[in-house]
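Here are my notes on the model you sent round. Have it open while you read.

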Amino acid sequence: LERVFRKLGQKKVASGKYRMIVDNMNSGRLLSPVIDALYGSSIQQKNSFLLDKLDQKVLGDKLTLIDEPHLIKASGARYFDGEGVATKRMPVFENGVLKTYYIDTYSANKMKVKPTIASPSILTMQMGDKDTDSLIASVDKGILVTGFNGGNCNSTTGDFSYGVEGFLIEKGKLTQPISEMNATGNMIALWNNLTEVGNDPRLFSSWRIPSLLFDGVDFSGL
């Protein structure tokens with residue numbers, strides 16, 4: 001109810017480059033195309049913007065992502081994936097360096113490589129020391145994204161365009177609810193502009209992705 005009341009009076013604001021904060025309810029949406037690009041089916045069909053990037057630095061220094069399948073009593077915890085392949089703790093990105101793909105047995109056989117596991121178990125991100133409110137307070141001019149309204153990401157190039165809603169940030173304060181705006185760019189460029197990672201993941205989710213702060217994101221509005 002509080003989130004609904006805060007949205008009253010939404011409107012567009014001026015187009016331009018803004019610092020972008022994505023809250024912890026929506027940060028997984030931005031990570032999803034990156035994970036999709038790691039699946040064996042995408043790699044085998046050469047339909048991935050992370051094709052042939054293993055052990056290369058492709059995303060920003062702030063991105064360290066670990067698959068932790070054996071967390072006790074956690075949503076998504078498992079000893080085997082859906083095909084019976086044993087799970088293990090796996091670094092996915094270390095300071096932006098790609099460390100693994102998610103290759104199921106079918107794709108592994110097609111590519112003549114060893115399978116890893118078919119899909120993520122519990123994704124955890126190396127965190128910073130700020131929650132959403134503290135990230136907002138650190139931004140002079142930006143946009144807090146509290147929802148995505150449609151849009152898509154090109155799986156081959158990483159180019160994206162998403163409708164967004166949220167709030168204009170001015171001098172560390174939320175000043176105007178916004179809607180009917182689009183955020184556009186490229187996933188590799190976006191994640192290379194990740195400047196801060198929050199400390200507020202939702203622990204009941206198998207994707208424990210906190211609030212995120214990005215620099216120089218293109219928004220179209222007025």
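1. K171 sits at 71% relative accessibility, so it counts as exposed (exposed is over 50% relative accessible area, buried is under 20%, and partly exposed lies in between, with a 1.4 Å probe and protein chains only). Its place is the loop between strand 7 and strand 8. Phi of K171 is positive, near 50°, and K171 is not a glycine. Most residues other than glycine have a negative phi.

2. A word on the source: this is a predicted model, where local features need pLDDT of at least 70 and side-chain atom pairs count only at pLDDT 80 or more, while totals for chains, interfaces and linings use all residues. Residues are numbered from 1 along each chain as its sequence is written, and side-chain values use heavy atoms, with hydrogens and water left out.

3. The hairpin around K171 is worth a look. Strand 7 (residues 159-170) and strand 8 (residues 173-186) run antiparallel and share 11 bridges, with 2 residues between the strands. E170 faces K173 of strand 8. For the terms, strands are DSSP runs of E of at least two residues, helices are runs of H or I of at least four, both numbered from the N terminus, and two strands pair if DSSP finds at least two bridges between them.

4. What does strand 7 pair with on its other hairpin? Strand 6 (residues 141-153) pairs with strand 7 in the antiparallel sense, over 10 bridges, and N152 has S161 as its bridge partner. This hairpin leaves 5 residues between the strands, and G158 in the turn has a positive phi of about 85°. As for cover, 9 of the 12 residues in strand 7 are buried.

5. N95 also caught my eye. N95 is not a glycine, yet has a positive phi of about 50°. It lies in the loop between strand 3 (90-94) and strand 4 (97-98). N95 counts as partly exposed because its relative accessibility is 41%.

6. Now the whole chain, which has 6 helices and 11 strands. The radius of gyration is 18 Å, which agrees with the value near 17 Å for a compact globule of 222 residues (taken over C-alpha atoms; the globule rule is 2.2 Å times the number of residues to the power 0.38). Buried residues make up 45% of the 222. Among contacts between residues at least 6 apart in sequence, 70% join residues at least 24 apart, where contact means heavy atoms within 4.5 Å.
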